[in-house]
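Subject: Structure for you to look at

Hi there,

Here is the structure I promised to pass on, with my notes underneath. Have a look whenever you get a moment.

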Amino acid sequence: MRQKLVVANWKMHGNLASNKQLLEAYIANLSALKNVGVVVCVPYPYLGQAQSMLQHTNIAWGAQNLSKDPVGPFTGEVSAAMLKDFGASYVIIGHSERATAYCESDENIATKFVQAQAQGLTPILCVGETLIEREAGVMEMVVGKQLDTILNTYGAAVFANAIVSYEPIWAIGTGLAASAEQAQSMHEFIRGKVAALDKSAAASLKILYGGSVNPQNAVQLLVMQDIDGGLIGKCSLNAQEFEKICLTAA
Ligand code: PGA
């Protein structure tokens, strides 16, 4: 059975003082939790802080992006090896807030996915459709295409022990989460697509749901068969709300 995983995505929030408080609360609230993995993805400058505060706890940490290149003259970029230097074990890839604003192509995202793995990081690949695409009924086609770039270039085996986060763009930061049925149906589609090529990779692939997860809707979502956890934005900035979601997952 796949263990549930709850990932905090702090986005561009926090500072040294507020992070310290929040991480102290995470440690106090979540250290004794069993049967669930907890990860916090912080802005780059705070990786060192996350490392020093979390290194002897059961909470892992990671980043929200990485460079598609391993090293070189790429001003402003951060490589997978640099993330590893700060003890990161996860990295979010292709989040729609980046993919749209910074015009990230599926090809770039695919390269980042394998670049992360090459350095021993677990990629958390975000996929999802817009509201217009859902209303037009083409959400599976859209998400399928996002996965195809990786599947066609690198094969299905790269999804073994990786993480995909289904993040309907219309649900992110809007307070309007997908229903448990909508999410389950897309998660089943994603797992099925990988399973058609590699059953064992599909079985070990964790598929998280992200988009307005809160302590109220977490139960309905997390109980679904193919929902292996959540990627939590806003509610991860509140230690009590994040704790409730982690408890639900556990
Ligand atoms: P949200 O963000 O929980 O604030 O909707 C989710 C995400 O962007 O991963």
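C126 is buried, at a relative accessible area of 8%. Please keep in mind that this is a predicted model. What is the distance from C126 to the nearest cysteine sulfur? That sulfur belongs to C41 and lies 9.2 Å away, and C126 is in no disulfide. Two sulfurs have to be within 2.5 Å to count as a disulfide, and searching the whole structure turns up zero of them.

C235 tells a similar story. C235 is buried as well, because its relative accessibility of 9% is under the 20% cut-off. For C235 the closest cysteine sulfur is that of C246, and the 11 Å between them is too far for a bond.

On to the strands, where β4 (residues 90-93) is a good place to begin. Are the faces of β4 buried or exposed? Both are covered: Y90 and I92 are buried on one side, and V91 and I93 are buried on the other. Strand β4 also has a partner in β3 (residues 59-63), with two bridges between them in the parallel sense. In that pairing, A63 is placed opposite V91 of β4. Strand β5 (residues 122-127) runs parallel to β4 too, and four bridges join the two. Here V91 stands opposite P123 of β5. If you trace the chain, β3, helix α3 (residues 80-85) and β4 form a β-α-β unit, and the unit is right-handed.

You may also want to look at the largest pocket, which has a volume of about 490 Å³. Its lining is made up of 18 residues, and those closest to the centre are K11, M12, Q64, N65 and R98. Sorted by class, the lining has seven nonpolar, seven polar and four charged residues.

One last residue to pick out is D226. Where is D226 found? The answer is the loop that links α10 (218-222) to β8 (229-232). Although D226 is in a loop, it counts as buried, because its relative accessibility is 7% and the cut-off for buried is under 20%. For a sense of distance, D226 and D106 are 120 residues apart along the chain, and their C-alpha atoms are separated by 24 Å.

That is everything from my side, so over to you.

Best wishes

How values were computed: Residues are numbered from 1 along each chain as its sequence is written. This is a predicted model: local features need pLDDT of at least 70, side-chain atom pairs count only at pLDDT 80 or more; totals for chains, interfaces and linings use all residues. Side-chain values use heavy atoms; hydrogens and water are left out. Buried means under 20% relative accessible area, exposed over 50%, partly exposed in between (1.4 Å probe, protein chains only). Two strands pair if DSSP finds at least two bridges between them. A crossover is right-handed if, with the strands pointing away from the viewer, the path from the first strand over the helix to the second runs clockwise. On a 1 Å grid over the protein atoms alone, a cavity is a set of points where a 1.4 Å probe fits but cannot get out, and a pocket is an open set with protein on both sides within 12 Å along at least five of seven lines; lining residues have an atom within 4 Å of a point. Grid points are joined across faces, edges and corners, and a volume is the space filled by probe spheres set on the points. Ala, Val, Leu, Ile, Met, Phe, Trp, Tyr, Cys and Pro count as nonpolar, Asp, Glu, Lys and Arg as charged, and the others, Gly among them, as polar.
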